[in-house]
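Here are my notes on the model, set out as numbered points for you to read beside the coordinates. They begin with strand pairing and then turn to a helix, a pocket and two individual residues.

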Amino acid sequence: MPDTPAYLIIHSIPDPVKMKKLQTYIDKATPILEAHGGKLVGRYKMVEQLIGKGGPVTTAALEFPSAEAIKQALDSAEFKALAALRAEVFHRLDLILAEAL
């Protein structure tokens with residue numbers, strides 16, 4: 001059975017005083033994800049939280065050829081090298097592996 005597409009869902013609360021460094025992080029992380037087959041589906045800014053509390057400020061979705069491709073991207077030396085910058089620019093960051101129902 002061939003691999004089925006998988007999705008990396010990114011929920012984040014960026015540090016608003018570090019937006020320039022956030023852009024640096026995005027500029028460095030994007031090619032790593034793309035090198036593993038990631039294609040941006042969309043980026044979204046939350047406008048209003050209708051139910052619940054403390055949700056993300058931004059959400060992004062990327063499609064990958066498989067769940068394994070996502071895991072390989074996140075486990076790569078290049079992605080791991082961004083850990084300190086990632087911790088600096090986000091108050092909260094959730095990376096979620098999802099598949100279509």
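1. How many bridges join strand β2 to β3, and do the two run parallel or antiparallel? In this predicted model, β2, which spans residues 39-45, is joined to β3 by 6 bridges, and the two strands run antiparallel. Within that pairing, K39 has E63 of β3 as its bridge partner.

2. β3, residues 58-64, also pairs with β1, residues 6-14, and here 7 bridges join the two strands, which again run antiparallel. Along this pairing L8 has L62 of β3 as its bridge partner, while I9 stands opposite A61 of β3. β3 itself is mostly covered, with 5 of its 7 residues buried.

3. β1 pairs with β4 as well, in the antiparallel sense and over 8 bridges. I9 is a useful residue to inspect here, for its bridge partner in β4 is I96, and it also stands opposite A61 in β3.

4. Which residues of β1 make up its covered face, and which its uncovered one? The covered face consists of A6, L8, I10, S12 and P14, whereas Y7, I9, H11 and I13 form the uncovered face. In a regular strand the side chains alternate between the two faces of the sheet.

5. In helix α2, which covers residues 67-75, the buried residues are A67, A69, I70 and A73. These four lie on the same side of α2, because they cover an arc of only 160° around the axis. An α-helix has 3.6 residues a turn, so residues three or four places apart point the same way. The buried residues of α2 pack against two further helices, α1 (19-35) and α3 (77-80), and against the strands β1, β3 and β4, the last of these spanning residues 90-98.

6. Q72 also lies in α2, but it is not among the buried residues of that helix. Is Q72 exposed or only partly exposed? Because its relative accessibility is 43%, Q72 counts as partly exposed, the range for that class lying between 20% and 50%. Its C-alpha atom is separated by 20 Å from that of A100, a residue 28 places away along the chain.

7. The largest pocket holds about 530 Å³ of space, and the elements that give two or more residues to its lining are β1, α1, β2, β3 and β4. The lining comprises 26 residues, of which I10, I26, T30, R43 and A60 lie nearest the centre of the pocket. I10 also belongs to the covered face of β1.

8. Which element supplies the largest share of that lining? The answer is α1, which contributes 9 residues. Sorted by class, the lining has 17 nonpolar residues, together with 6 polar and 3 charged ones.

9. V47 deserves a look in the loop between β2 and β3, the two strands that are joined antiparallel by 6 bridges. Since its relative accessibility is 78%, V47 counts as exposed, the cut-off for that class being over 50%. The C-alpha atoms of V47 and V57 are separated by 8.3 Å, with the two residues 10 apart along the chain.

Terms used:
Residues numbered from 1 in each chain as written. Predicted model: local features only at pLDDT ≥ 70, side-chain atom pairs only at ≥ 80, totals over all residues. Heavy atoms only, no water. Buried < 20%, exposed > 50% of the residue type's maximum accessible area, 1.4 Å probe, protein only. Arc of directions from axis to C-beta. Contact = heavy atoms within 4.5 Å. Pairing = 2+ DSSP bridges. 1 Å grid on protein atoms, 1.4 Å probe; cavity = no way out; pocket = protein on both sides within 12 Å on 5 of 7 lines; lining within 4 Å. Points joined across faces, edges and corners; volume = space filled by probe spheres on them. Nonpolar A, V, L, I, M, F, W, Y, C, P; charged D, E, K, R; others polar.
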